[in-house]
Amino acid sequence: MKMSSSRVKRLATLAVLVSVGMVLSYVEAILPIPVAVPGVKLGLANISTLFALYALGSPAALLVSLLRVSLSALLFGNTVGFLYSLSGALMSLAFMMIFKRLPIFSPVGVSIVGGVMHNAGQIIAAALIMRTAAIAAYLPPLIISGTLAGILVGFASGLLLARVGKYIK
Amino acid sequence: MQTKANFAKDRLLRDLLLAVALILVALSVFFILRATRDEGETVVVTVNGETVAEYPLSQSGEYSINGGTNILKIEGGEAYILDADCPDLLCVRSGKISLEGDRVVCLPNRVMIEIRGADQ
């Protein structure tokens, strides 16, 4: 009985995190960003992935991230956008999982790694889809924007983990 | 023995180092990409996505584009928009371009000038 109630709680928590991620994706899609480089964004939805990673572990984070990206694409996106989001999300999460295990960075550092790797993943996808390496010219601004977005998302997730994290486990 | 607070402080310090290192990497990539790009050969003018004129970069001159909405000037191997009738004048403020792939865009007038190399 106890086992089943904890599983229900876990299911509900994951569902909330996926929903929060989708809302953040949506909010971000309608938020204008005054930068002329494609791919520059805040990555607010990564707050839900990072929270899942620290509060519930790697498999939960993967599930939250994949569900959020797929459902957002189904509701608000298109196929090409989905490919970019997916490669960014997977690349970002893979590196965050690795760096979370290593005793090097706080969640902020891990989030910076995630932000930069998200943009790197999108550039790789764009280079493959458009069959050109000229996209590399976008790398410098995207590394910088990924770093700044990562710092913001890292601090936001840190606050959330400190306030809400204890009720999740 | 290391205290927990010290440990957290070390991590934040390394977070900061990571951020600084990434910004340095971004700047180096930017300058390497810039340094390895070739000097262009021609200035291509497009209006509404259609190529309307091409001028050699080596030849100085002043040209009226799109019925006079923008004035293109070529001088000393560099091209720039000297004047425009748009309110924001972003194209004028974009400055001089000379490397392959460089471009200046004037969105209100749908005018773009782009530098191309010899092989394109």
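Trainee: How many salt bridges does the rule count over all chains, and what makes a pair a salt bridge?

Mentor: The count comes to three over all chains, where a salt bridge is a side-chain nitrogen of Lys or Arg within 4 Å of a carboxyl oxygen of Asp or Glu. This is a predicted model, in which local features need pLDDT of at least 70, side-chain atom pairs count only at pLDDT 80 or more, and totals for chains, interfaces and linings use all residues. Side-chain values use heavy atoms, with hydrogens and water left out, and residues are numbered from 1 along each chain as its sequence is written.

Trainee: Why is the pair of B:R103 and B:E114 called a salt bridge?

Mentor: The closest N and O atoms of B:R103 and B:E114 are 2.8 Å apart, and the limit is 4 Å, so the pair qualifies. The pair links distant parts of the chain, B:R103 lying in strand β6 (residues 103-106) of chain B and B:E114 in strand β7 (residues 111-116) of chain B, eleven residues apart; strands here are DSSP runs of E with at least two residues.

Trainee: What makes B:R103, B:E114 and B:R116 a network?

Mentor: B:R116 also forms a salt bridge with B:E114, at 3.5 Å between the closest N and O atoms, and the three residues are thus linked in a network of salt bridges.

Trainee: How do you know whether B:E114 is buried or exposed?

Mentor: Buried means under 20% relative accessible area, exposed over 50%, and partly exposed in between, with a 1.4 Å probe and protein chains only. B:E114 has 12%, so B:E114 is buried, whereas B:R103 at 47% counts as partly exposed.

How values were computed:
Chains lettered and ligands numbered in written order. Helix = DSSP H or I, 4+ residues; strand = E, 2+ residues; numbered from the N terminus.
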